[in-house]
Amino acid sequence: MKLYSDSELPVRPALEAVHAATLASFVGAGSWYSGAERCEIVMEARRARCEAGLQEDGAVAPHYADINATARRVAAKVATSVEDLSRDFMEEAIAQGLSIDEYVEVVGVVSRAVNLDVFARGLGLPVRQLPSPQSGVPARTRPATARDEGAWVPTVPGGSRGGDDAQRIYGSADPQAAPFIYRALSLCPDEAAGLVALGAAQYLEIKDFMDLEFTYEPALSRPQYELLAARVSALHQCFY
Amino acid sequence: MLRASVERSEGTVDLRAVVDPTVDSGITHGKALLNFAAAVVGDARAQLSVARQALRAALGDGALVQASAIIANFAMNDRAANAIGIVLEPMFVRGSVEFRAQLGIDLYPSALNTLRA
């Protein structure tokens, strides 16, 4: 069954496919969390967003797993207070026992889950339900190429400095294929690759970035694309 | 990218509309797009229904879906960017000095990640 079969609005197949893959990615083991723990992170984000009035549904779900209070706090804050995320907030979470790698995975899962929920809200649809969690063990490895590139956490460089990790995450050995937003979550490679895939299907592929006439939808011009993007980022006080 | 894309296709844009929705952006159906974006990421449920209907009437079903996809994408990107403290690429920093100051963007807490250097 298609993910958006309940929509009266036409959802492009590529969009539907990447959203289905995103939803499925939450239920399998990640870099540091199990599938059940990742589902619980999604649910914590949904509960927080419902409580904040940022979405209408998705707060009622089974208890998937125990995750620690700091992970819950990070999930809730990233889900609801984009403009208020600071280095102090991250460092406090680390001081309370979350590893840097776990912090990145929580941020990745929540950011991608909010993406799906915001899309559904735009269309006037209920949030998509998570499939059942799968068994499996987290990889518990950090990419060997990750290094300090100026963010608060190590990231995998694009191009030859990122080696096979870069190729796998960004889909190219070209350093131009890895703007910093694509590298943000790269300490957890699958989270970064998931963000890249969503960006390519929803907004633009890197190759189309400087083609200022490109859009996926003829009824929406590129200036209209960019007006939406700029407005959302202004509301979130996102300098990037 | 907004300014560059407008110069390419429609002429001019008033960037103040991005932070002040009472300003006319100069972009076709800009008001409907700005209202919809704010409603989808905001907490005013009643406004969302109105904004969705207005955008659908102005630009059609396909545009409503694509607009939702773009808003969702930046709801994701903004969270990742602000939570990880990434830095804006130098070419974009250099090219945005004037309008960042005009719009107050340099005052965002997340600006520190880039401007501290």
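Which residues lie nearest the centre of the largest pocket? They are A:Phe209, A:Tyr240, B:Met1, B:Leu88 and B:Phe92, out of 48 that line the pocket.

Before going on: this is a predicted model, where local features need pLDDT of at least 70 and side-chain atom pairs count only at pLDDT 80 or more, while totals for chains, interfaces and linings use all residues. Residues are numbered from 1 along each chain as its sequence is written, chains are lettered from A, and side-chain values use heavy atoms, without hydrogens and water.

A pocket here is an open set of points on a 1 Å grid where a 1.4 Å probe fits, with protein on both sides within 12 Å along at least five of seven lines; lining residues have an atom within 4 Å of a point. The largest one holds about 1500 Å³ of space, counted as the volume filled by probe spheres set on the points. Its lining has 32 nonpolar, seven polar and nine charged residues. Helices supplying at least two lining residues each include H7 (180-183) of chain A and H4 (61-84) of chain B; a helix is a DSSP run of H or I, at least four residues.

Chain B has seven helices and zero strands, a strand being a run of E, at least two residues.

Now the helix pair. H9 (residues 222-235) of chain A packs against H2 (residues 30-41) of chain B at about 40 degrees, axes 9 Å apart. H9(A) and H2(B) are therefore oblique, that is, not under 35, over 145 or from 65 to 115 degrees. Among the residues making the contact are A:Leu228 and B:Leu34, contact meaning heavy atoms within 4.5 Å.

Notes:
Axes fitted to C-alpha atoms, helices over the stretch in contact; angles between N-to-C directions. Nonpolar A, V, L, I, M, F, W, Y, C, P; charged D, E, K, R; others polar.
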